[in-house]
Structure formats: C-alpha cells, structure tokens
Amino acid sequence: MLASSGVSMNGTATSNSPTAVVGMVGGGQLARMTHQAAIALGIELRVLTASATDPAVRAGATFHSGHPGDLDELLAFARGCDVVTFDHEQVPNEHLHALVAAGHRVRPNPFAKHLAQDKIVARRTLADAGFAVPAFAEVAAGDAEAVARFADEHGWPVVVKAPSGGYDGRGVQVVDHLRDLHEVDFGGSRPGSLWLLEERVEITMELAVVVVRRPSGQSMTYPVVETVQRDGICNELIMPARISESLAARAEALAVSIAEGIDATGIL
C-alpha cells in the first residue's frame with residue numbers, strides 16, 4: 001500500500017510519508033537524475049549499489065549497500081520497495097525472473113530488459129516481430145569460417161559485436177578483411193562465447209526517439225533527436241532533428257510500436 005500525501009501549490013509533497021518507494025539498482029548519473037525528479041513528487045528513491053560515493057548516494061538518495069549480481073541482496077532490497085527499476089543493465093536476467101516469481105514489481109519486465117542486455121536476443125526478437133534489422137548471424141567467437149560465410153553472402157566489411165557488455169564504442173569492431181579478424185578483442189572470450197555479426201549498413205542519419213510508457217500501456221514520445229556518432233560514441237545531439245514532420249511522425253510511431261511490442265515500461 002502506498003502512503004497518502006498532500007501536494008502544495010508548488011507541486012511538492014506536503015507529508016513526510018513518501019507517496020511511493022522506488023528501488024533502483026545502481027546509483028549512477030541516471031539514478032541521481034531520478035532522485036532529483038522524485039523529490040518534488042514525494043517519492044523516496046532507494047538505490048542498491050556497492051559504493052557509497054556513487055552520484056545518487058552523494059545527492060541524498062537512500063543508500064543500500066549491495067551487489068546487483070547477488071540474488072539474496074536483490075530480494076532483501078526489493079522487500080522494502082513498491083517497485084524495482086534499474087540504472088544499468090548489469091543485473092543477471094534470471095535474477096529479475098526470480099524477483100517477479102517472489103511477487104515483486106519489476107519495471108521494465110525481465111523480457112523487455114533482456115533486449116537491453118543481449119544484442120542477439122534483441123535482434124532475434126525485433127526480426128521475429130517484423131521490424132527491419134540488418135542481416136545478422138550469431139557465431140562462435142573467433143570462428144573465421146563462419147565470418148567468411150557471412151561475408152560471402154552479405155559483403156565486406158562485417159560488423160562484429162559482443163552480445164553483451166558493450167557501450168561507448170566498446171564491444172563493436174568493423175572488420176574489413178578476414179585477415180583482420182585477429183584484431184577483434186572484447187576483453188577475452190570465455191569458452192562458449194558468441195559474436196553477433198551484422199552487415200555494414202550505410203547510414204544517412206541516425207535518429208533517436210525517447211518513449212515513456214506506463215504499465216497500463218499509455219505512452220508518449222519526446223521530440224525526435226538527431227545523433228552524431230564519433231568512434232561509436234554519441235558526440236552530439238541536434239534537436240529538433242533536421243527532418244520533415246512526416247518522417248518525424250514515422251519515427252515516433254515506430255518507437256511506440258517497438259515499446260508496445262516488447263511491453264516496455266518506463267523510459268525507452
């Protein structure tokens with residue numbers, strides 16, 4: 001049950017009791033911004049993180065020391081929260097299913113979260129749902145013959161990706177020739193590791209749409225943003241994007257249809 005709270009004329013909560021307790025796994029910059037927004041709504045943000053110096057903790061969010069990979073710590077943390085959400089993707093997906101099985105609200109749900117954790121799962125899911133994706137294949141890490149077969153069908157260069165853990169230019173490498181395959185290094189490959197291969201797609205412009213969606217299915221989008229990438233890292237944002245209104249509407253509709261298709265809740 002959520003505690004009741006009045007709201008003052010300036011929109012801030014007037015009761016000392018929180019309107020809700022939101023548990024966020026991770027205490028980084030996203031958690032810090034969430035904490036800032038929660039204050040005016042009378043929501044208590046609790047963060048589960050191993051470091052008391054994380055940005056959200058330093059900003060005043062309630063701090064629970066723990067590691068996101070420890071299921072017992074996750075379960076103990078969730079027991080004091082109305083809903084559990086995330087600052088990052090480093091929570092094992094099986095742990096998320098365990099939280100749901102124990103009766104806790106997890107937003108986004110484990111299925112939707114899995115798409116952010118595993119690029120192969122994301123590609124498969126979106127392709128099966130009929131969304132346009134580049135040609136792709138999953139192969140054993142370092143399998144030169146499989147890479148050669150993919151290149152024979154789709155051409156060089158081939159984009160090689162680590163299915164998980166990549167960000168800000170990490171975990172992605174463009175290979176121009178088979179002889180360059182030895183340069184692919186994602187920090188070591190464990191036995192059974194996979195690579196995601198993708199065809200190289202010529203990009204005229206990259207657009208980003210932020211979708212906000214409630215558990216009820218109600219959603220809204222923010223204006224379409226044009227992103228400029230340098231070395232796999234977003235270097236610049238241009239808003240509004242330099243596109244027609246009709247193309248912006250198509251981008252927003254596509255974003256909403258993806259959010260609905262994977263039943264995403266929160267910010268996508």
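Helices (H or I, at least four residues) and strands (E, at least two) are taken as DSSP runs and numbered from the N terminus. The structure is a predicted model, in which local features need pLDDT of at least 70, side-chain atom pairs count only at pLDDT 80 or more, and totals for chains, interfaces and linings use all residues. Residues are numbered from 1 along each chain as its sequence is written, and side-chain values use heavy atoms, with hydrogens and water left out.

The protein contains eight helices and 14 strands. Its C-alpha atoms occupy a box of roughly 65 × 45 × 30 Å along the principal axes. Of the 268 residues, 35% are buried, where buried denotes under 20% relative accessible area, exposed over 50% and partly exposed in between (1.4 Å probe, protein chains only). With contact defined as heavy atoms within 4.5 Å, residues 24 or more positions apart supply 51% of the contacts that have a separation of 6 or more. The accessible surface amounts to about 15,600 Å², and carbon and sulfur atoms hold 52% of this area; accessible areas come from the Shrake-Rupley method with a 1.4 Å probe, and for residues only the protein chains shown count as cover.

Helix α1 (residues 29-41) has 13 residues and an expected span of 18 Å at 1.5 Å a residue, in agreement with the 19 Å between its end C-alpha atoms. The expected span is 1.5 Å times one less than the number of residues. A31, H35 and A38 are the buried residues of α1. Viewed down the helix axis, these buried residues of α1 lie within an arc of 65° and therefore line one face, the arc being that of the directions from the helix axis to the C-beta atoms. An α-helix has 3.6 residues a turn, so residues three or four places apart point the same way. The cover over the buried residues of α1 includes β1 (20-25), β2 (43-49) and α2 (55-58). G42, which follows α1, has a positive phi near 70°.

In helix α4 (residues 93-101), V100 is partly exposed at 40% relative accessibility. Beyond its neighbours within four places in sequence, V100 contacts V106 and P110; the C-alpha atoms of V100 and P110 are 8.4 Å apart. The loop between α4 and α5 contains P108, which is joined to R107 by a cis peptide bond with omega of about 0°.

The axes of α5 (residues 110-117) and α6 (residues 119-128) come within 6 Å and cross at roughly 115°. Axes are lines fitted to C-alpha atoms, for helices over the stretch in contact, with angles running from 0 to 180 degrees between N-to-C directions. F111, H114, L115 and Q117 of α5 meet K119, V121, A122 and T125 of α6.

A second cis peptide bond, with omega near 0°, links M239 to P240, and P240 is located in the loop between β13 (233-238) and α8. Helix α8 (residues 245-261) comprises 17 residues, and its expected span of 24 Å agrees with the 24 Å separating its end C-alpha atoms. Its buried residues are A248, A251, A255, V256 and A259. They fall within an arc of 130° down the axis of α8, so one face of the helix is lined by them. These buried residues pack against β10 (211-213) and β11 (219-221), whereas the face turned away from the buried side carries the exposed residues S246, R250 and G261.D231, in the loop between β12 (225-230) and β13, has a positive phi near 55° and is exposed at 76% relative accessible area.
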